[in-house]
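Visitor: Hi! I have a chain open on my screen and would like to talk it through. Could you walk me around?

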Amino acid sequence: MAQDPKSAARTGQTVAKGRGKRSCPICGKPTDDAYRPFCSKRCADIDLGKWLGGTYAIPVVEEDGSAGSGGPDDD
Ligand SMILES: [Zn+2]
């Protein structure tokens, strides 16, 4: 019985597709299960620092758009 090379190739693709390793959003290295989605604690800290430092653009919703100035009783 000779194995079909095509069959073996397909099996390999299926395995590879099943476990897609993502890369660290900070440095691009493969992620570590202990520090997902980052590759290391260092990159996790860097990401946290970005949040604390305001590097990330966080959409600020100002609440004085729905109520406050310009009410129906303004006139
Ligand atoms: Zn990293």
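Guide: Happy to. Keep in mind that this is a predicted model. A good place to begin is H2, which is hardly covered: the count of buried residues among its 13 residues is 1.

Visitor: And what distance separates the end C-alpha atoms of H2?

Guide: They are 18 Å apart, and that agrees with the 18 Å that 13 residues should span at 1.5 Å a residue.

Visitor: Zooming out, how many helices and strands are in the chain?

Guide: The chain has 2 helices and 0 strands. Helix H1 covers 5-18 and helix H2 covers 41-53, with a loop between them.

Visitor: What share of the residues is buried?

Guide: Of the 75 residues in the chain, 5% are buried. As for contacts between residues at least 6 apart in sequence, 0% of them join residues at least 24 apart.

Visitor: Which residues does UniProt list for "binding site"?

Guide: The UniProt record, an unreviewed entry, gives Cys24, Cys27, Cys39 and Cys43. These cysteines span 20 residues in sequence, but no two of their C-alpha atoms are more than 8.1 Å apart, so they gather at one spot.

Visitor: Let's take Cys43. Where does it lie, and is it buried or exposed?

Guide: Cys43 lies in helix H2. It counts as buried because it has 20 C-beta neighbours inside 10 Å, and a residue needs 20 or more to be called buried.

Visitor: Which residues is Cys43 in contact with, leaving aside neighbours within four places in sequence?

Guide: Cys24, Ile26, Cys27 and Phe38. Two of those names, Cys24 and Cys27, also appear in the UniProt list.

Visitor: Then what about Cys27: buried or exposed?

Guide: Cys27 counts as exposed, because it has 12 C-beta neighbours inside 10 Å. It lies in the loop between helix H1 and helix H2. Not counting residues up to four places away in sequence, Cys27 touches Cys39 and Cys43.

Visitor: Switching topic: which residues does the cis peptide bond join?

Guide: Arg36 and Pro37, with omega at about -5°. For background, most peptide bonds are trans.

Visitor: Tell me about Pro37, then. Where does it lie?

Guide: Pro37 is in the loop between H1 and H2, and it is partly exposed, with 14 other C-beta atoms within 10 Å. Beyond its neighbours within four places in sequence, Pro37 is in contact with Arg22, Pro25 and Thr31.

Visitor: How far apart are the C-alpha atoms of Pro37 and Cys24?

Guide: They are separated by 6.2 Å, and the two residues are 13 residues apart along the chain.

Visitor: One more loop residue: what does Ser40 touch?

Guide: Ser40 touches Asp32 and Tyr35, again not counting residues up to four places away in sequence. It lies in the loop between H1 and H2 and counts as partly exposed, with 16 C-beta neighbours inside 10 Å. Its C-alpha atom is 9.5 Å from that of Pro30, a residue 10 places away along the chain.

Visitor: Last thing: what is the mean pLDDT of the chain?

Guide: It is 72, and 49% of the residues reach 70 or more.

Visitor: And where does pLDDT stay under 50?

Guide: Over residues 12-18, for which the model has 0 contacts beyond four places in sequence.

Technical notes
Residues are numbered from 1 along each chain as its sequence is written. This is a predicted model: local features need pLDDT of at least 70, side-chain atom pairs count only at pLDDT 80 or more; totals for chains, interfaces and linings use all residues. Helices (H or I, at least four residues) and strands (E, at least two) are DSSP runs, numbered from the N terminus. Two residues are in contact if their C-beta atoms, placed from the backbone, lie within 7 Å. UniProt positions are given in the numbering used here, feature names are shortened, and annotations may be inferred rather than shown by experiment. The expected span of a helix is 1.5 Å times one less than its number of residues. pLDDT is the predictor's confidence in each residue, from 0 to 100.
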